[in-house]
Amino acid sequence: MSTQPSRIANASYQAFPPIQVTTIEAHILDQQRSHPEATGVLTSLLYDIALSAKIIAHATTRAGLIDVLGKTGLENVQGEQVARLDVLANETLIRVNSPTGRLAGMASEENADIIPIPEGYRTGPYVLLFDPLDGSSNTDYTISIGTIFGIYRRISKTGPGQIEDFLQPGRSLVAAGYVIYGNSTVFVYSTGQGVHGFTLDPGVGEFLLSHPNIRIPDPARFYSVNQGYERYWSSGVRQFTDYVQGKTGEFNGGLSMRYVGSLVADFHRNLLAGGIFYYPADSKDPDKPHGKLRLLYECAPMAYIAGQAGGYASDGKGPILDIVPTSLHQRTPFFVGNRCLVETAEAYIKRYG
Ligand code: P6P
């Protein structure tokens with residue numbers, strides 16, 4: 001019997017390298033330590049949204065292989081063709097979040113009215129608004145798409161959620177975020193303590209912290225707008241676009257133009273690299289004088305995230321977060337990104353209309 005102690009017994013043996021394994025739940029619980037009144041309901045709600053995102057990602061990453069591409073032939077309240085993946089994403093978010101007792105109701109881009117919590121289930125202190133699959137027309141071309149969500153504390157006291165619970169200004173958001181389904185699936189959220197990104201590890205089935213404390217970098221690198229509609233813009237927006245293109249001698253020749261046509265993809269790139277995205281009011285469609293994007297479940301959550309990352313979002317005149325909504329599906333002109341660029345856009349619009 002050897003008297004030499006076992007080599008393994010003496011080594012400071014490490015089964016795994018010390019990797020950073022912070023899940024969304026661990027991260028939120030850590031953040032909530034500074035909120036002793038927190039009950040954990042919001043943590044669980046964010047986790048429910050993350051579960052929904054995993055289910056949606058499982059479909060979007062195999063879209064060409066399973067029968068979910070293409071259109072349903074239906075038209076939604078927006079007057080847009082509904083893609084089959086829109087329905088899958090919408091149904092997933094509704095079914096995952098209906099029985100939890102955390103919500104008083106939901107609102108979705110795909111549903112004309114409030115989505116009530118089904119009979120027999122408890123209601124909870126929050127309401128959830130979402131665009132279940134923004135940019136879904138791009139799915140058939142394997143372009144990144146995303147889910148956008150916002151969470152408010154209910155205003156009504158008890159019973160089913162009321163419209164007043166949903167028509168709150170973005171300034172009242174308790175949390176907001178988005179999921180981008182791209183070459184990887186990234187969940188970005190804020191509860192008012194900075195912006196944090198988590199990347200889905202499909203092998204583990206968990207979102208793990210990959211982008212802590214995101215801040216929009218200065219100087220900006222990109223401007224993002226559909227220049228095909230330039231002839232429909234106001235003079236101020238056209239002149240602002242000349243400015244970001246460097247035609248007035250700024251930006252060493254101008255910012256680079258990047259436009260995916262998927263809000264979540266364009267926003268996410270500008271959040272990480274610095275830039276401005278704008279979808280201005282245009283005269284292209286008389287039915288949409290305020291542009292295409294929706295306030296409640298696209299612009300307000302993105303404005304909240306941008307603000308938490310040191311940026312700013314405006315409707316061209318003032319903060320998106322201050323707009324008090326009057327209807328679930330109202331649209332708004334949208335300028336978001338580096339604060340200096342968004343404020344310059346406001347100045348051009350103020351001066352030139
Ligand atoms: P356009 C996608 O349909 C979407 O709602 C946003 O994701 C995107 O930013 C915008 O519309 C693109 O619209 O008119 O430039 O094709």
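In this predicted model, the ligand occupies the largest pocket of the protein. The space enclosed by the largest pocket comes to about 460 Å³. A total of 27 residues line the largest pocket, and those closest to its centre are Glu80, Gly135, Ser137, Gly261 and Lys292. By residue class, the lining of the largest pocket comprises 11 charged, nine polar and seven nonpolar residues. Three secondary-structure elements, namely strand 4 (126-134), helix 7 (263-273) and strand 12 (275-279), each contribute at least two residues to the lining of the largest pocket. Of the elements, strand 4 makes the greatest contribution to this lining, with three residues.

The immediate surroundings of the ligand were examined next. The ligand is surrounded by 14 residues, of which Asp134, Asn226, Tyr259, Leu263 and Tyr279 are the closest. This shell consists of six nonpolar, four polar and four charged residues. Polar contacts to oxygen atoms of the ligand involve several side chains. In one such contact, a polar side-chain atom of Tyr279 is placed 2.6 Å from a ligand oxygen. For Asn226, a distance of 2.9 Å separates an N or O atom of the side chain from an oxygen atom of the ligand. The side chain of Tyr229 likewise has an N or O atom located 3.0 Å from an oxygen atom of the ligand. Considered in isolation, the ligand exposes 400 Å², and 85% of that area is buried by the protein.

Besides the pocket, the model was searched for enclosed spaces. Two cavities of 30 Å³ or more were identified. The largest cavity has a volume of about 50 Å³, and its lining is formed by Ile216, Phe267, Asn270, Leu271, Gly275, Phe277, Ala306, Val336 and Gly337. Helix 7, strand 12 and strand 14 (334-337) are the elements that provide two or more residues to the lining of the largest cavity. Helix 7 accounts for the largest share, with three residues. The composition of the lining of the largest cavity is six nonpolar and three polar residues, with no charged residue. Helix 7 and strand 12 are thus found in the lining of the largest cavity and also in that of the largest pocket.

The second largest cavity has a volume of about 30 Å³. Its lining is made up of Val225, Asn226, Tyr229, Trp233, Tyr278, Tyr279, Pro280 and Asp282. Six of the lining residues of the second largest cavity are nonpolar, one is polar and one is charged. Asn226, Tyr229 and Tyr279 line this cavity, and each of these residues also appears in the contacts with the ligand: Asn226 at 2.9 Å, Tyr229 at 3.0 Å and Tyr279 at 2.6 Å.

Backbone geometry was also considered. Most peptide bonds are trans, and most residues other than glycine have a negative phi. Two features of the model depart from these patterns, as described below. The peptide bond that joins Asp218 to Pro219 is cis, with omega near 0°. Pro219 is located in the loop that connects strand 9 (206-211) and strand 10 (222-224). Asn213, although not a glycine, has a positive phi of about 50°. Asn213 is likewise situated in the loop between strand 9 and strand 10.

Notes
Residues are numbered from 1 along each chain as its sequence is written. This is a predicted model: local features need pLDDT of at least 70, side-chain atom pairs count only at pLDDT 80 or more; totals for chains, interfaces and linings use all residues. Side-chain values use heavy atoms; hydrogens and water are left out. A residue is near a molecule or strand if one of its heavy atoms lies within 4 Å of it. A polar contact is a pair of N or O atoms within 3.5 Å; within protein, one must be able to donate a hydrogen and the other to accept it, and residues adjacent in sequence count only if both atoms are side-chain atoms. Accessible areas come from the Shrake-Rupley method with a 1.4 Å probe; for residues, only the protein chains shown count as cover. On a 1 Å grid over the protein atoms alone, a cavity is a set of points where a 1.4 Å probe fits but cannot get out, and a pocket is an open set with protein on both sides within 12 Å along at least five of seven lines; lining residues have an atom within 4 Å of a point. A molecule sits in a cavity or pocket if more than half of its atoms lie within 2 Å of its grid points. Ala, Val, Leu, Ile, Met, Phe, Trp, Tyr, Cys and Pro count as nonpolar, Asp, Glu, Lys and Arg as charged, and the others, Gly among them, as polar. Grid points are joined across faces, edges and corners, and a volume is the space filled by probe spheres set on the points. Helices (H or I, at least four residues) and strands (E, at least two) are DSSP runs, numbered from the N terminus.
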